Number of protein chains: 2
Amino acid sequence: MDQEEARSRILDAAEELFYGRGIQTVGMDELRAAAGVSLKRLYQCFPAKHDLVEAYLRRRDARWRAELAEHVSRHAATAEDRPLAVFDWLRTWFADPGFRGCAFINSFGELGPVSDGVTGVARHHKQAVHAYVTGLVSALPVGDPALLAGQLVLLMDGAITTAAVSGEPAAAEYARTAAEALVAAARAAGPGAAAGPG
Amino acid sequence: MDQEEARSRILDAAEELFYGRGIQTVGMDELRAAAGVSLKRLYQCFPAKHDLVEAYLRRRDARWRAELAEHVSRHAATAEDRPLAVFDWLRTWFADPGFRGCAFINSFGELGPVSDGVTGVARHHKQAVHAYVTGLVSALPVGDPALLAGQLVLLMDGAITTAAVSGEPAAAEYARTAAEALVAAARAAGPGAAAGPG
DNA sequence: TTCCTCCGAGAACGATCGTTCTCTACACTA
DNA sequence: TAGTGTAGAGAACGATCGTTCTCGGAGGAA
């Protein structure tokens with residue numbers, strides 16, 4: 001087996017186990033078995049468990065954002081649809097049987113206080129998502145795209161955690177209606193618009 | 001030392017350590033030392049660690065919601081102010097040096113998949129907060145209080161997690177402005193109001 | 001074939017953790 | 001004063017975990 005393939009299989013197993021059951025709950029030997037590699041190979045690829053944890057989070061960050069962006073660009077016809085398509089994608093994600101909330105929030109809650117690496121990756125992920133959403137709303141005629149993006153990101157994280165804890169995907173619907181209202185309000189206060197009533 | 005006092009000191013230490021560093025990171029012996037009780041006493045009060053974890057979460061749930069309700073009832077003059085006062089309280093909480101996100105989301109992310117007890121307490125907490133917010137918005141002339149409450153709860157959870165991961169309390173401001181917009185939109189669509197433009 | 005190198009399988013090691021057990025000291029009762 | 005029950009201090013136990021080490025075998029080069 002190639003070193004490259006071993007690394008990929010280890011990361012696949014790590015993503016399934018770490019995301020599904022938590023990081024500290026999964027031992028290196030169970031991970032080795034799930035990946036189908038030897039312990040020696042595992043430590044060749046990742047010298048310590050925290051290296052594997054951070055690599056898992058980094059890969060998941062890239063893939064998660066790529067899937068989100070692909071769904072948005074594929075399903076949103078106009079610039080107005082794009083921010084809302086984010087929440088449609090969330091709904092399909094919540095319905096996935098393996099859904100268990102945000103991997104970065106979970107990892108941060110579990111290891112943030114004792115791992116600067118985990119904290120850094122989680123923070124980077126949230127910043128990247130924020131930047132992506134800011135890009136989406138910047139195409140809209142709103143007065144303060146940064147404000148609207150910040151609000152939408154709150155709805156995203158709130159929906160993710162609520163859906164995870166409650167076990168029901170309905171949070172995506174609430175978030176979408178809230179996003180519609182916030183986008184509408186931002187457009188009403190957009191450049192060239194009169195000040196709102198009050 | 002009284003049994004009652006021992007129990008209280010243990011729960012105090014558990015809350016500080018579990019919330020601040022995570023549950024699995026804190027051992028029973030460190031907890032015993034922080035509480036200033038003997039190991040025998042510790043296991044008399046809580047026969048196993050998971051008993052202590054669930055007791056910690058239940059007590060924190062009650063206290064957290066009581067503090068929130070007290071702040072709202074004390075600082076909000078009118079029914080219109082009450083939902084927004086929630087976010088003012090969040091802002092002060094985020095600024096606390098010990099703030100580290102939502103104890104229930106953190107615990108759920110760490111132990112949810114392997115502990116039905118933790119999952120149950122986290123779910124109960126979120127349902128109770130939802131019920132409280134529903135009560136707040138039910139006093140407002142809005143068409144669908146349950147919908148607005150669901151939206152506001154998403155903003156709360158999103159703000160809490162964003163503030164925790166980013167380490168900056170600014171999320172509370174975004175959440176408050178979003179809450180204002182959502183309340184205004186719900187009032188515009190409230191009972192007796194004409195349908196909105198669109 | 002013989003040697004060298006690499007790999008997988010899994011034992012082993014040291015540390016930690018949750019939990020229990022032992023020992024000693026002290027307060028209270030007859 | 002002798003006896004009894006209880007508490008604290010901390011050793012001990014069994015399990016688990018991250019990590020390293022050992023052993024035996026496979027494959028290529030001379």
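A polar contact is a pair of N or O atoms within 3.5 Å. This cut-off is used in the exercises below, which concern a predicted model.

**Exercise 1. Describe the overall make-up of chain A, giving its helices, its strands and its extent.**

Solution. Begin with the count of elements: chain A has 9 helices and 0 strands. Next, follow the chain along its sequence, where the pattern reads α-α-α-α-α-α-α-α-α. Finally, take the extent of the C-alpha trace of chain A, which spans about 65 × 35 × 30 Å along its principal axes.

**Exercise 2. Work out which residues surround DNA strand D, and which polar contacts reach its phosphate and base oxygens.**

Solution. Step one is to list the surroundings of DNA strand D. From chain A they include A:Val26, A:Gly27, A:Met28, A:Leu39, A:Tyr43, A:Ala48 and A:Lys49, and from chain B they include B:Ser38, B:Leu39, B:Lys40, B:Arg41 and B:Gln44. Of the atoms of DNA strand D that come within 4 Å of the protein, sugar and phosphate account for 58%.

Step two is to look at individual atom pairs. A polar backbone atom of A:Met28 lies 2.7 Å from a phosphate oxygen of DNA strand D, while in A:Tyr43 an N or O atom of the side chain is 3.1 Å from a phosphate oxygen of DNA strand D. Because a polar contact is a pair of N or O atoms within 3.5 Å, the pair formed by A:Tyr43 at 3.1 Å fits that description. A base oxygen of DNA strand D, by contrast with a phosphate oxygen, is the partner of B:Lys40, whose polar side-chain atom lies 3.0 Å away.

Step three is to ask which elements supply this surface. At least two residues each come from α3 (39-45) of chain A and α3 (39-45) of chain B, and the largest share, 4 residues, comes from α3(B). By class, the residues of the surface near DNA strand D are 6 nonpolar, 3 polar and 3 charged.

**Exercise 3. Carry out the analysis for DNA strand C, naming the residues around it and the helix that gives the most to the surface.**

Solution. First, name the residues around DNA strand C: chain A provides A:Ser38, A:Leu39, A:Lys40, A:Arg41 and A:Gln44, and chain B provides B:Val26, B:Gly27, B:Met28, B:Leu39, B:Tyr43, B:Ala48 and B:Lys49. Sugar or phosphate makes up 56% of the atoms of DNA strand C within 4 Å of the protein, and bases make up the rest.

Second, examine the side chains. An N or O atom in the side chain of A:Ser38 is 3.1 Å from a phosphate oxygen of DNA strand C, and a polar side-chain atom of B:Tyr43 also lies 3.1 Å from a phosphate oxygen of this strand. The side chain of A:Lys40 has an N or O atom 3.0 Å from a base oxygen of DNA strand C.

Third, assign the surface to its elements. The elements giving two or more residues are α3 of chain A and α3 of chain B, and α3(A) gives the most, with 4 residues. The surface near DNA strand C divides into 6 nonpolar, 3 polar and 3 charged residues.

**Exercise 4. Decide how helix α9 of chain A is oriented towards α8 and α9 of chain B, and name the residues in contact.**

Solution. Two packed helices are described by the angle between their axes and by the distance between those axes. For α9 (residues 171-188) of chain A and α8 (residues 145-166) of chain B, the axes come within 9 Å and cross at roughly 90°. Angles of 65 to 115 degrees count as roughly perpendicular, and α9(A) and α8(B) are therefore roughly perpendicular to each other. In this contact A:Ala171, A:Tyr174, A:Ala175, A:Thr177 and A:Ala178 meet B:Ala146, B:Leu147, B:Gly150, B:Gln151 and B:Leu154, a set with 7 nonpolar, 3 polar and no charged residues.

Now take the pair formed with α9 (residues 171-188) of chain B, where the axes come within 9 Å and cross at roughly 95°. The helices α9(A) and α9(B) are therefore also roughly perpendicular to each other. The contact joins A:Ala178, A:Ala181, A:Leu182 and A:Ala185 to B:Ala178, B:Ala181, B:Leu182 and B:Ala185, and its residues are 8 nonpolar, no polar and no charged.

Notes. Residues are numbered from 1 along each chain as its sequence is written. Chains are lettered from A and ligands numbered from 1 in the order in which they are written. This is a predicted model: local features need pLDDT of at least 70, side-chain atom pairs count only at pLDDT 80 or more; totals for chains, interfaces and linings use all residues. Side-chain values use heavy atoms; hydrogens and water are left out. A residue is near a molecule or strand if one of its heavy atoms lies within 4 Å of it. A polar contact is a pair of N or O atoms within 3.5 Å; within protein, one must be able to donate a hydrogen and the other to accept it, and residues adjacent in sequence count only if both atoms are side-chain atoms. Ala, Val, Leu, Ile, Met, Phe, Trp, Tyr, Cys and Pro count as nonpolar, Asp, Glu, Lys and Arg as charged, and the others, Gly among them, as polar. Axes are lines fitted to C-alpha atoms, for helices over the stretch in contact, and angles run from 0 to 180 degrees between N-to-C directions. Angles under 35 degrees count as roughly parallel, over 145 as roughly antiparallel, 65 to 115 as roughly perpendicular and the rest as oblique. Contact means heavy atoms within 4.5 Å.
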